[in-house]
Amino acid sequence: MIRCVPAFVATLVLASFATAHGQEPAHLVARWNPDSFGNHRIVVAVAESTTAVRAHLSWRRRDRHPEAKRILVYPAGDSARVRNVRVVSASQMSGDLAFEPAAGPGEYWIYDMPYTGSVKSNYPKITYP
């Protein structure tokens, strides 16, 4: 089961790297602190205990160098960030990443455009680390 924020699609591939076919992701609206994580979140469900998960993320990014931007991964509802994350490839059309699901099976939240700064004023000043 894969769920994501509108306009984002995630395809989960487990450690065996077998591609999941025929799954249509649900588009949901959720709330989190955008000043910490950005406006975009992809939810990936890890079905079983494994040492590595590979996810293909389809997106439409306008920034020129998405491969140079930070991607954050967290177990759902947990404040302990997944540290073992590797961006395999990233372009304006899609990204591939692998991470260690240290918290075991369950949902993992991927934030692909976290920013620093504030959007609280009429002229927001933000940067994408």
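Which residue in E9 is the bridge partner of isoleucine 42? The partner in E9 is isoleucine 110.

## The model and its layout

This is a predicted model, where local features need pLDDT of at least 70, side-chain atom pairs count only at pLDDT 80 or more, and totals for chains, interfaces and linings use all residues. Residues are numbered from 1 along each chain as its sequence is written, and side-chain values use heavy atoms, leaving out hydrogens and water.

The protein chain has 1 helix and 11 strands. Helices (H or I, at least four residues) and strands (E, at least two) are DSSP runs, numbered from the N terminus. The order from the N terminus is β-β-β-α-β-β-β-β-β-β-β-β.

The chain holds 129 residues, and 35% of them count as buried. Buried means under 20% relative accessible area, exposed over 50%, and partly exposed in between (1.4 Å probe, protein chains only). Now take the contacts with a separation of 6 or more. Residues 24 or more positions apart make up 67% of these. A contact means heavy atoms within 4.5 Å.

## Strand E9 and its partners

Strand E9 covers residues 106–111, and strand E4 covers residues 42–46. They pair in the antiparallel sense over 5 bridges. Two strands pair if DSSP finds at least two bridges between them.

E9 also pairs with strand E6 (residues 72–75). This pairing is antiparallel too, with 4 bridges. Here leucine 72 has tyrosine 111 of E9 as its bridge partner.

## Tyrosine 111

Tyrosine 111 lies in strand E9. Why does tyrosine 111 count as buried? Its relative accessible area is 2%, and the buried class is set at under 20%.

Arginine 41 is 70 residues away along the chain, yet the C-alpha atoms of the two residues are separated by 4.7 Å. Their side chains are joined by a polar contact of 3.1 Å. A polar contact is a pair of N or O atoms within 3.5 Å; within protein, one must be able to donate a hydrogen and the other to accept it, and residues adjacent in sequence count only if both atoms are side-chain atoms.

Arginine 41 has a ring partner as well. Its charged end sits over the ring of tryptophan 109, 4.0 Å from the ring centre. The rule asks for NZ of Lys or CZ of Arg within 6 Å of the ring centre and within 35 degrees of the ring normal. Arginine 61 is placed over the ring of tryptophan 59 in this way, with its charged end 5.0 Å from the centre.

## Aromatic pairs

A pair of aromatic rings is described by the distance of the centres and the angle of the planes. Rings of Phe, Tyr and Trp (its six-membered ring) pair if their centres lie within 6.5 Å; planes under 30 degrees apart count as stacked, over 60 as edge-to-face and the rest as tilted. The count by this rule is 2 aromatic pairs.

One pair is tyrosine 74 with tyrosine 111: edge-to-face, 6.2 Å centre to centre, with 75° between the planes. This pair links distant parts of the chain, since tyrosine 74 is in strand E6 and tyrosine 111 in strand E9, 37 residues apart. Tyrosine 74 and tyrosine 111 are both buried.

Phenylalanine 99 and tyrosine 108 have ring centres 5.4 Å apart and planes at 50°, so their pair is tilted. Both of these residues are buried.

## The nonpolar core

In soluble globular proteins, nonpolar side chains tend to be buried together. The largest nonpolar core here has 15 residues. Those with the most contacts inside it are Leu57, Val73, Leu97, Phe99, Tyr108 and Ile110. Two or more residues each come from E4, strand E5 (53–58), strand E8 (94–99) and E9. A nonpolar core is a set of buried Ala, Val, Leu, Ile, Met, Phe, Trp, Tyr and Cys residues joined through side-chain atoms within 4.5 Å.

Leucine 57 is found in strand E5. Leucine 57 counts as buried because its relative accessibility is 0%. The covered face of E5 holds Val53, Ala55 and Leu57, while Arg54, His56 and Ser58 form the uncovered one. E5 and E8 run antiparallel, joined by 6 bridges. In E8, glycine 95 stands opposite leucine 57.

## A loop residue

Lysine 69 is in the loop between E5 and E6. Lysine 69 counts as partly exposed because its relative accessibility is 22%. A polar atom of its side chain lies 3.4 Å from the backbone oxygen of histidine 65. The C-alpha atoms of lysine 69 and tyrosine 128 are separated by 6.5 Å, with their positions 59 residues apart along the chain.
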